[in-house]
Amino acid sequence: MIDFLIYSGYLVLLLNLILFSYSFFRKEKANVFLVSYLAFAFVMQCSLELLYRIEINNLFAVNIFFIGQMILLGLFYNSLLPIKSQKIFVKSALVIALFLLAGQFVMDSSQFLKFNLFEITLTSLLIVSFALLHFYNMLTENKKFYYVSFGTVFYLLGCTVLFLIGNFSTGLSDNIKYLTWMLNAFLFLVYHLFILYEWKVSFYKKVN
């Protein structure tokens with residue numbers, strides 16, 4: 001069951017990358033930062049899977065993924081926010097977060113080789129805050145990338161909890177660890193189904 005969820009998530013992610021990349025080169029192009037994020041996510045997921053298959057610790061790649069995800073989705077939301085003060089908040093938050101994480105890794109490099117609770121929480125909640133700013137703006141504006149934002153908030157809040165649990169999973173039963181990873185795979189799949197639906201709503205008619 002978990003393999004089905006994992007590979008279904010990869011397949012939908014690849015489909016999203018293809019569709020949004022295609023739309024990017026059309027007249028009504030997709031957002032460049034969203035396309036970049038999808039490409040980054042696909043490369044990282046393939047790398048994580050490869051490292052797992054050859055039995056190499058892939059937690060350093062997980063940390064790279066969270067940091068890269070924060071940067072690219074932060075730039076994505078920065079490009080959508082129309083208010084200068086909101087853009088300043090996003091850019092400042094990204095710079096401060098990167099300095100904090102760099103300082104943590106300098107002081108304790110082992111944090112880069114395990115589930116980093118601080119990094120996971122910081123990067124995920126920052127993206128959620130950016131998405132909520134966009135939701136706030138959509139109260140009076142067009143609902144641009146509404147489903148992407150809804151899926152982002154849904155996925156990041158859920159997976160943050162699961163990754164926090166994962167950090168303590170060494171002392172848990174195999175059944176609980178299996179359930180944790182199955183739920184994470186499910187959330188990942190649902191997230192990318194939201195992004196796929198966004199493409200259908202926002203771009204499907206424009207490429208036909």
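**Group meeting talk: an all-helix predicted model**

Hi everyone, let me open with a single residue: Glu55 sits in the loop between helix 2, residues 32-53, and helix 3. Before I say what caught my eye there, please keep in mind that this is a predicted model.

So, Glu55. Its phi is near 60 degrees, a positive value in a residue other than glycine. For context, most residues other than glycine have a negative phi. Is Glu55 buried or exposed? Glu55 counts as exposed, because its relative accessibility is 75% and the cut-off for exposed is over 50%.

There is another residue to put beside it. Phe145 has a phi near 55 degrees, again positive in a residue other than glycine. Phe145 is in the loop between helix 5 and helix 6, the latter being 146-167. Here the surroundings are another story: Phe145 is buried, with a relative accessible area of 4%. If you are checking backbone torsions, those are two loop residues to click on, Glu55 and Phe145.

Now let me zoom out. The protein has 7 helices and 0 strands, so from the N terminus on, you read α-α-α-α-α-α-α. How does the radius of gyration sit against that of a compact globule? For 208 residues, a compact globule would have a radius of gyration near 17 Å, and the protein has 17 Å, which agrees. The C-alpha trace spans about 50 × 40 × 25 Å along its principal axes.

A few more overall values. Buried residues make up 46% of the 208 in the protein. The exposed area is about 11100 Å², with carbon and sulfur atoms supplying 71% of it. And if you take contacts between residues at least 6 apart in sequence, 74% of them join residues at least 24 apart.

Let's walk through the helix packing, starting on the far side of the Glu55 loop. Helix 2 and helix 3 pack at an angle of about 170 degrees, with their axes 9 Å apart. That makes helix 2 roughly antiparallel to helix 3, since angles over 145 degrees count that way. On the helix 2 side the contact includes Phe33, Phe40 and Met44, and on the helix 3 side Phe60, Phe65 and Phe76 are among the residues involved. By class, this contact has 17 nonpolar, 5 polar and no charged residues.

Next along the chain, helix 3, residues 59-80, meets helix 4. Their axes come within 9 Å and cross at roughly 170 degrees, which makes helix 3 roughly antiparallel to helix 4. Among the participants are Ile67, Met70 and Ile71 from helix 3, with Lys87, Val90 and Lys91 from helix 4. The class count for this contact is 10 nonpolar, 3 polar and 2 charged residues.

Then helix 4, residues 84-107, and helix 5, residues 117-138: the axes come within 11 Å and cross at roughly 175 degrees. So helix 4 is roughly antiparallel to helix 5. Phe89, Leu100 and Phe105 are among the helix 4 residues here, and they belong to a contact that includes Phe118, Phe130 and Tyr136 in helix 5. By class we have 14 nonpolar, 5 polar and 1 charged residues.

What about the loop that joins those two helices? Gln111 lies in it, between helix 4 and helix 5. At 14% relative accessibility, Gln111 counts as buried, because the cut-off is under 20%. Which residues does Gln111 contact, leaving aside its neighbours within four places in sequence? They are Asn63, Gln104, Phe105 and Asn116. For a sense of distance, the C-alpha atoms of Gln111 and Phe188 are separated by 24 Å, with their positions 77 residues apart along the chain.

One last stop, back in helix 1, residues 2-24, where we find Phe20. Phe20 is buried, with a relative accessible area of 0%. Not counting residues up to four places away in sequence, Phe20 touches Ala30, Leu34, Val35, Leu38, Phe145, Ile195, Glu198, Trp199 and Phe203. You will recognise Phe145 in that list, our buried residue from earlier. The C-alpha atoms of Phe20 and Lys87, 67 residues apart along the chain, are separated by 24 Å.

That's my tour, thanks for listening!

Definitions and conventions. Residues are numbered from 1 along each chain as its sequence is written. This is a predicted model: local features need pLDDT of at least 70, side-chain atom pairs count only at pLDDT 80 or more; totals for chains, interfaces and linings use all residues. Side-chain values use heavy atoms; hydrogens and water are left out. Axes are lines fitted to C-alpha atoms, for helices over the stretch in contact, and angles run from 0 to 180 degrees between N-to-C directions. Angles under 35 degrees count as roughly parallel, over 145 as roughly antiparallel, 65 to 115 as roughly perpendicular and the rest as oblique. Contact means heavy atoms within 4.5 Å. Ala, Val, Leu, Ile, Met, Phe, Trp, Tyr, Cys and Pro count as nonpolar, Asp, Glu, Lys and Arg as charged, and the others, Gly among them, as polar. The radius of gyration is taken over C-alpha atoms; the globule rule is 2.2 Å times the number of residues to the power 0.38. Buried means under 20% relative accessible area, exposed over 50%, partly exposed in between (1.4 Å probe, protein chains only). Accessible areas come from the Shrake-Rupley method with a 1.4 Å probe; for residues, only the protein chains shown count as cover.
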